[in-house]
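The following exercises concern a structure with more than one part to examine. Each task is followed by a solution worked in steps.

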Amino acid sequence: MRKISTKKITDVVSRLVLKANFSLRKDVLSSLKRAALSEKSPLGKSILKILIENARIAEKEGLAICQYTGIAVVFCEIGQKVHVGGDIDKAINEGIRLGYKKGCLRKSVVSDPIIRKNTGTNTPSIIHYSFNKSDKLRLTVLPKGFGCENASKVFMLKPTATEEEIIESVVGAVKEQGADACPPLILGIGIGGTLDKAATLSKEATLLPVNKTNPKKHLKRLESLILKRVNETGIGPAGLGGKTTCLGVNILSFPTHIAGLPVVVNINCHALRSAESLI
Amino acid sequence: MRKIYLPLTEEIRESLRAGEEVLLSGKMYTARDAAHKRLYEAIKKHKKLPLDLTDNVIYYCGPTPAKPGAPVGSCGPTTAKRMDGFTPALLASGLAGMIGKGRRSEEVKKAIKRYKAVYLVAVGGAGAYFASKIKKANILAYKELGPEAIYELWVENFPAIVAIDSRGQSIIKE
């Protein structure tokens, strides 16, 4: 067994909070740069240039890319040969608290969804655990703003739904609220499993490189059709028109029940932030 | 790009056209949900407001805490539609312009035309970039609201796009 201390986990998480909030993911930045070259709308082009300049200033000055620093979603992948001496949940949340404090990042978490009192620490975070056979521990921090989280949607489609119905559901969600969710957007889509499985997959899909092509041929096709159709809406950067409404689509799928076809679209703004570390 | 010096007089407002990019310099005010509710209630009760709205611009923004030595932290625009219910009353009281992101209601669009005001869009999610355009910040009112307090911001070459002009023309994709 390889021992990893809770202190180490806290340190790494707090560093990942700062990294995710201050330095835009390289894949997101390069897709913004590509879009700035190909966008035809002059207004859209100048908006994309501002976003690229924003990422440069944020990294240089140690400022939040966006002031909406979100609720932290943490993915923790634990190798079975790892032993953590202590409370891992507590260690992760302590890292979140320290990171948000150190970075002067906004605290946006309320302790109860109905009573709504701010916890003042941006904790608790949403933690997803998974296991593998290694002797390592992988931590990923994804700060998620709610402007775009609120635009996300669940569709429990019929098992007989056509490819076109899946595309229409996703494009419909973008048309409905995408303009207010800080486009150009990045879509993470979960298909299959159960409602909760599809939702988790949709979130995991946002961790994949923006322009990654799906290894499954039918999903690769679906990703490119959705991307094309979303960009045909003309919503454009900041919702002011243009061909860049979406920078990329990633789909993750899972076996499902004969009677259903869950589809979850997790909408992300252009400031898609995450950082990971392997301990 | 056209440079505009605040306050935003009627003459300037009438000359702005939807789709135009501008650089704003001078003093503007921040206010978001909670401050809007308070201003709205004060207007309804005919109470004195903490600021004179005439020819002034409100930026829908709640900055992150400032690092030592900086006037503000990241400060991009927030979603404008949450202010829609309060905006017509503020425009009737002299407010000249709003800066935010996203769509507005039909009522707001009508009120903008009626009072010859203007709605500008700032690029959402560019918080660090906008921080670099703010030279000085000062809490003016409702300090207890924290990031939702009303700040006076002195800006220099703050870029914005005219999204709804004083004639009611809009470039926002519905």
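**Exercise 1.** Determine which residues of helix α7 (residues 195-205) of chain A are buried, and what covers them.

*Solution.* The model is a predicted one. Step one is to apply the burial criterion, which requires 20 or more other C-beta atoms within 10 Å of a residue's own. In α7(A), the buried residues are A198(A), T200(A), L201(A), S202(A), K203(A), E204(A) and A205(A). Step two is to identify the cover over these residues, which includes the strands β2 (71-79), β4 (126-132), β7 (185-193), β8 (246-256) and β9 (261-268) of chain A.

**Exercise 2.** Describe how helix α6 (residues 163-177) and helix α8 (residues 217-232) of chain A pack, and state which residues make the contact.

*Solution.* Two packed helices are described by the angle between their axes and the distance between the axes. For α6(A) and α8(A) the angle is about 40° and the axes are 10 Å apart. An angle of about 40° therefore makes α6(A) oblique to α8(A), since angles under 35 degrees would count as roughly parallel and those from 65 to 115 as roughly perpendicular. The crossing of α6(A) past α8(A) is right-handed. On the α6(A) side, the contact is made by E163(A), I166(A), I167(A), V170(A), V171(A) and V174(A); on the α8(A) side, L222(A), L225(A), I226(A), R229(A) and V230(A) take part. Sorted by class, the contact has nine nonpolar residues, two charged residues and no polar residue.

**Exercise 3.** Is D27(A) buried, partly exposed or exposed, and what does D27(A) contact?

*Solution.* D27(A) is located in helix α2 (residues 26-38) of chain A. There are 17 other C-beta atoms within 10 Å of D27(A), so the residue is partly exposed; a buried residue would need 20 or more, and an exposed one 12 or fewer. With neighbours within four places in sequence left aside, D27(A) is in contact with P209(A), V210(A) and N211(A). As for V230(A), a residue of the contact in Exercise 2, the separation from D27(A) is 203 residues in sequence and 20 Å in space, C-alpha to C-alpha.

**Exercise 4.** Characterise the overall fold of chain A and of chain B from their secondary structure, dimensions and contacts.

*Solution.* Chain A is taken first. Chain A holds eight helices and ten strands. A compact globule of 279 residues would have a radius of gyration near 19 Å, and the 19 Å of chain A therefore agrees. The C-alpha trace of chain A spans about 50 × 50 × 40 Å along its principal axes. Of its 279 residues, 47% count as buried. Among contacts in chain A between residues at least 6 apart in sequence, 81% join residues at least 24 apart.

Chain B follows. Chain B has five helices and seven strands, arranged along the sequence as β-α-β-α-β-α-β-α-β-α-β-β. For 174 residues the compact-globule value is near 16 Å, and the 15 Å of chain B agrees with this. The C-alpha trace of chain B spans about 45 × 40 × 30 Å along its principal axes, and 47% of the 174 residues count as buried. Residues 24 or more positions apart account for 62% of the contacts in chain B with a separation of 6 or more.

**Exercise 5.** How many residues does each chain bring to the contact between chain A and chain B, and which element of chain A gives the largest share?

*Solution.* The contact takes 32 residues from chain A and 32 residues from chain B. On the side of chain A, the largest share comes from helix α3 (residues 42-61), with ten residues. By class, this side of chain A divides into 19 nonpolar, nine polar and four charged residues.

Definitions and conventions
Residues are numbered from 1 along each chain as its sequence is written. Chains are lettered from A and ligands numbered from 1 in the order in which they are written. This is a predicted model: local features need pLDDT of at least 70, side-chain atom pairs count only at pLDDT 80 or more; totals for chains, interfaces and linings use all residues. Helices (H or I, at least four residues) and strands (E, at least two) are DSSP runs, numbered from the N terminus. Two residues are in contact if their C-beta atoms, placed from the backbone, lie within 7 Å. Axes are lines fitted to C-alpha atoms, for helices over the stretch in contact, and angles run from 0 to 180 degrees between N-to-C directions. Angles under 35 degrees count as roughly parallel, over 145 as roughly antiparallel, 65 to 115 as roughly perpendicular and the rest as oblique. A crossing is left-handed if the near helix is turned anticlockwise from the far one by less than a right angle, and right-handed if clockwise. Ala, Val, Leu, Ile, Met, Phe, Trp, Tyr, Cys and Pro count as nonpolar, Asp, Glu, Lys and Arg as charged, and the others, Gly among them, as polar. The radius of gyration is taken over C-alpha atoms; the globule rule is 2.2 Å times the number of residues to the power 0.38.
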